[in-house]
Amino acid sequence: MAAAQRIVIENGAIATVDADDTEYASGHVVLAGNRIESVGAGKAPEGLENVAHRIDASGHLVTPGLINTHHHFYQWITRGLATDHNLFDWLVALYPVWARIDEPMVRAAAQGSLAMMARGGVTTAMDHHYVFPHGSGDLSDAIIGAARDMGVRFTLARGSMDRSEKDGGLPPDFAVETLDGALAATEETVRQHHDSSFDAMTQVAVAPCSPFSVSTELLRDGAQLARRLGVRLHTHGSETVEEEKFCHELFGMGPTDYFESTGWLGEDVWMAHCVHMNDSDIAAFARTRTGVAHCPSSNARLAAGIARVPDMLAAGVPVGLGVDGTASNESGELHTELRNALLINRLGAHKEAALNARQALRLGTYGGAQVLGRAAETGSLEPGKLADLVLWKLDTLAHASIADPVTALVFGAAAPVTASFVNGRQIVEDGRLLTVDEDAIARSTRDEARRLARIAAQG
């Protein structure tokens, strides 16, 4: 630590999101290399050596970096389609398009998805990629390469599907893998790319897509594979009433019981959505410490319903926030999900007591770290943790008259990001990415979206 270059951030409000929700009206954070060295009130300690950069954070709130726990990057190039559909109709409309993606499309879409999140305060991203059309190229490597170039911490949830139209599923037959092929490709992705170290920039999870697009064998064998390799598991669960009906008709039980029967509850598992959960389901998630990726905007866009987040939190279920794929959340920004999570949950049974501003911030930071299995490393501002943090500018017209900075961040308009650091490296300055060319990405995503539309139209 003593030899590492230091970055000193002073004079800003600080929300640490530690176990005690410690906050400082005016404080400091010192980064040494890729770690947080100190956090506290007032000025940084005197006499620090090797200070490479000092930042005056007056007018800012400093928080942990945001952590996205569910996404589908490839959907960036199919935004704005099927805008008035529920989930199943939306999938039926879009699977024939998605089934024609290839490596250049996926690379461009990953760059667009990551860029939008990173410049909005995301420091740890994830992608659940499950569409691997035959002959489409090395899609996992394209996604991981885009995250590496962007400079964000990243988890690839290597997805899979083996239940196609001929088996009663939704995807076209040529867009799915065989059981053995999916398992072998997933294992190879883990072995090539997963890093289990404390400061890992890339990790991989095993992630069959959903109960209605994968076989029971793929779920069961996928869980066994993940545990043999020592990685986490991810899938969609209890998203819609149609899924509930599907599981009862096909398996004779609801989604949570079905997941438990296949080995898919546990502290190494997190599921997206979990909208339609009864008391027994929530108790099972709490008992097993199974995590939830809450995606409020997507749930609203697809009219899926309101997840029982306050009840999950009260029961002890780990909950983080997710953007979800941008074909069901066209903005693709996680910092807007802080506000949407709070507002949408207040439409539920708990009304104004559902969530407050600090609970929403915790969902987007420490909660996300819990869900991804990285709470010891990131998600809060504490000495020894990784140097992943964001400076939000709150002294402009949009926020200056709101006295409490956390309230301003969550309840107010989307706040500008003055600086974002990942692993001690600055990747955003004054709302612009430092690691990539945003304008070039915009052009490539537009071009690839048009190319995909042409190919899909040709059938």
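A charge is counted as sitting over a ring if CZ of Arg is within 6 Å of the ring centre and within 35 degrees of the ring normal. In this predicted model, Arg158 meets that description: Arg158 lies over the face of Phe132, at 3.7 Å from the ring centre. A second arginine is placed in a like manner. Arg79 lies over the face of Trp76, and its distance from the ring centre is 3.7 Å.

Aromatic rings also meet one another. A search of the whole structure finds 10 aromatic pairs. One of them joins Tyr74 and Tyr130. The geometry is edge-to-face, with 5.8 Å centre to centre and 85 degrees between the planes. This pair links distant parts of the chain, its two residues being 56 residues apart. Tyr74 belongs to the loop between β6 (66-67) and α1 (87-98). Tyr130 belongs to the loop between β7 (122-129) and α3 (139-150). Tyr74 has a relative accessible area of 1%, so it counts as buried. Tyr130 is likewise buried, with a relative accessible area of 3%.

Tyr95 and Trp98 make another edge-to-face pair. Here the ring centres are 5.5 Å apart, and the planes make an angle of 85 degrees. Both residues are in helix α1. Because they are 3 residues apart in that helix, about one helical turn separates them. Tyr95 is buried, at 2% relative accessible area. Trp98 is buried too, at 0%. Elsewhere, one aromatic cluster is formed by Phe88, Phe212, Phe246, Phe251, Tyr258 and Phe259.

Helix α5 covers residues 216-229. Its 14 residues should span 20 Å at 1.5 Å a residue, and its end C-alpha atoms are 20 Å apart, so the expected and modelled spans agree. Which residues of α5 are buried? They are Thr216, Leu218, Leu219, Gly222, Ala223, Leu225, Ala226 and Leu229. These buried residues pack against both strands and helices. The strands are β8 (153-160), β9 (202-208) and β10 (233-237). The helices are α4 (179-193), α6 (241-251) and α7 (255-261). Just after α5 comes Gly230, with a positive phi of about 75 degrees.

Strands β2 (residues 23-32) and β3 (residues 35-41) pair in the antiparallel sense. The pairing runs over 6 bridges. Within it, Val30 stands opposite Ser38 in β3. The two strands form a hairpin with 2 residues between them. In this hairpin, Gly33 takes a positive phi near 65 degrees.

Positive phi values also occur in residues other than glycine. Asn11 is one of these, with phi near 75 degrees. Asn11 is found in strand β1 (residues 6-15). Is Asn11 buried or partly exposed? Its relative accessibility is 24%, and because buried means under 20%, Asn11 counts as partly exposed. Arg289 is not a glycine either, yet its phi is positive, at about 60 degrees. Arg289 lies in the loop between α8 (279-288) and β12 (291-294). With a relative accessible area of 36%, Arg289 is partly exposed.

Notes
Residues are numbered from 1 along each chain as its sequence is written. This is a predicted model: local features need pLDDT of at least 70, side-chain atom pairs count only at pLDDT 80 or more; totals for chains, interfaces and linings use all residues. Side-chain values use heavy atoms; hydrogens and water are left out. Rings of Phe, Tyr and Trp (its six-membered ring) pair if their centres lie within 6.5 Å; planes under 30 degrees apart count as stacked, over 60 as edge-to-face and the rest as tilted. Helices (H or I, at least four residues) and strands (E, at least two) are DSSP runs, numbered from the N terminus. Buried means under 20% relative accessible area, exposed over 50%, partly exposed in between (1.4 Å probe, protein chains only). The expected span of a helix is 1.5 Å times one less than its number of residues. Contact means heavy atoms within 4.5 Å. Two strands pair if DSSP finds at least two bridges between them.
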